[in-house]
Amino acid sequence: MTLRFECQSGCTRCCDTQGFVYITETDLLNIAGHLGMTAAAFEKKYVIRYPTMLRLRKPRASQCYFLKESGCSVHPVKPVQCRTYPFWPELVENRKAWKEERVRCPGIGKGPLIQIGSACEIAAEMKTAYPAQYDVD
Ligand code: SF4
Ligand code: SF4
C-alpha cells in the first residue's frame, strides 16, 4: 500500500470536523505551559476528564477553542491526535478508509509518497497515546 499526503496550505478542515479532540496528560501540561497557565487552571477551563481519557471542551460555535483565523493557536504543542492526523491506525491500516478520508482531508493523495513503515510508526504513536481508544492494555 502506498500513501501520499501533504497538508494543504491554509486548510483547517480537520480542526473543523465534527468530533472531539482527545489529549494526553503530556498534551495537557504542554498546552498549559504554552499558554502560561497552570495545569489546574487549564484543565478547569478547557478540559473534560473521564476515568480513562481526557478531551478538550468544545465552544458552542466551533469545534475547538484553539482554532483561530490563522490556524491552530497552539500549533507547536498541539495534541498527539492533531499532530499525527491523518496517520491514524484506523486509516493507515485500511486502504478503503484511507481513500474515503479524502472527503475530510484534501491533503490525502497529494504530495510525496510516504513509506508505509513511517506511516505505521506515526499510527503506533496514536495507540500509545490513547490506549483506551485502541484497546491497548
Ligand atoms: S484536513 Fe488535511 S490538508 Fe487540511 S489541515 Fe487537516 S491534515 Fe492538513
Ligand atoms: S488543537 Fe489545534 S490542531 Fe487540534 S483541533 Fe484544535 S485548532 Fe486544530
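Analyst: A residue counts as exposed if 12 or fewer other C-beta atoms lie within 10 Å of its own, and as buried if 20 or more do. The model discussed here is predicted.

User: Which residues of helix 7 are buried, and which are exposed on the other side?

Analyst: Ala 119, Ala 123, Met 126 and Ala 129 of helix 7 are buried. Seen down the helix axis, these buried residues fall within an arc of 115°, so they line one face of helix 7. Gly 117, Ser 118 and Thr 128 are exposed on the other side of the helix.

User: What do the buried residues of helix 7 pack against?

Analyst: Contact here means C-beta atoms within 7 Å. The partners of the buried residues of helix 7 are strand 1 (3–5), helix 4 (80–84), helix 5 and strand 7 (108–114).

User: Why does the distance between the end C-alpha atoms of helix 7 agree with its 14 residues?

Analyst: The expected span of a helix is 1.5 Å times one less than its number of residues. For the 14 residues of helix 7 that gives 20 Å, and the end C-alpha atoms are 20 Å apart, so the two agree.

User: Which residues touch the most other members of the largest nonpolar core?

Analyst: A nonpolar core joins buried nonpolar residues through C-beta atoms within 7 Å. The largest one has 22 residues, and Trp 88, Val 92 and Ala 123 touch the most other members. Strand 2 (22–23), helix 5 (89–92) and helix 7 (116–129) each give two or more residues to this core. Helix 7 supplies the largest share, 4 residues. Leaving out residues up to four places away in sequence, Val 92 touches Phe 87, Trp 98, Ala 119, Cys 120 and Ala 123.

User: Which residues surround ligand 2, and how does its shell divide by class?

Analyst: The shell of ligand 2 consists of Cys 15, Val 21, Cys 64, Phe 66, Leu 67, Cys 72, Val 74, Lys 78, Pro 79 and Cys 82. By class, 9 are nonpolar, none is polar and 1 is charged. Around ligand 1 the shell has 7 nonpolar, 3 polar and 1 charged residues; among them are Cys 7, Cys 11, Cys 14, Arg 13 and Cys 105.

User: Where is Pro 79 found, and is Pro 79 buried or exposed?

Analyst: Pro 79 lies in the loop between strand 6 (71–72) and helix 4. With 26 other C-beta atoms within 10 Å, Pro 79 is buried. Its contacts, not counting residues up to four places away in sequence, are Val 21, Ile 23 and Asp 27. The C-alpha atoms of Pro 79 and Arg 55, 24 residues apart along the chain, are separated by 9.9 Å.

Methods:
Residues numbered from 1 in each chain as written. Chains lettered and ligands numbered in written order. Predicted model: local features only at pLDDT ≥ 70, side-chain atom pairs only at ≥ 80, totals over all residues. Near = placed C-beta within 6 Å. Nonpolar A, V, L, I, M, F, W, Y, C, P; charged D, E, K, R; others polar. Contact = placed C-beta atoms within 7 Å. Arc of directions from axis to C-beta.
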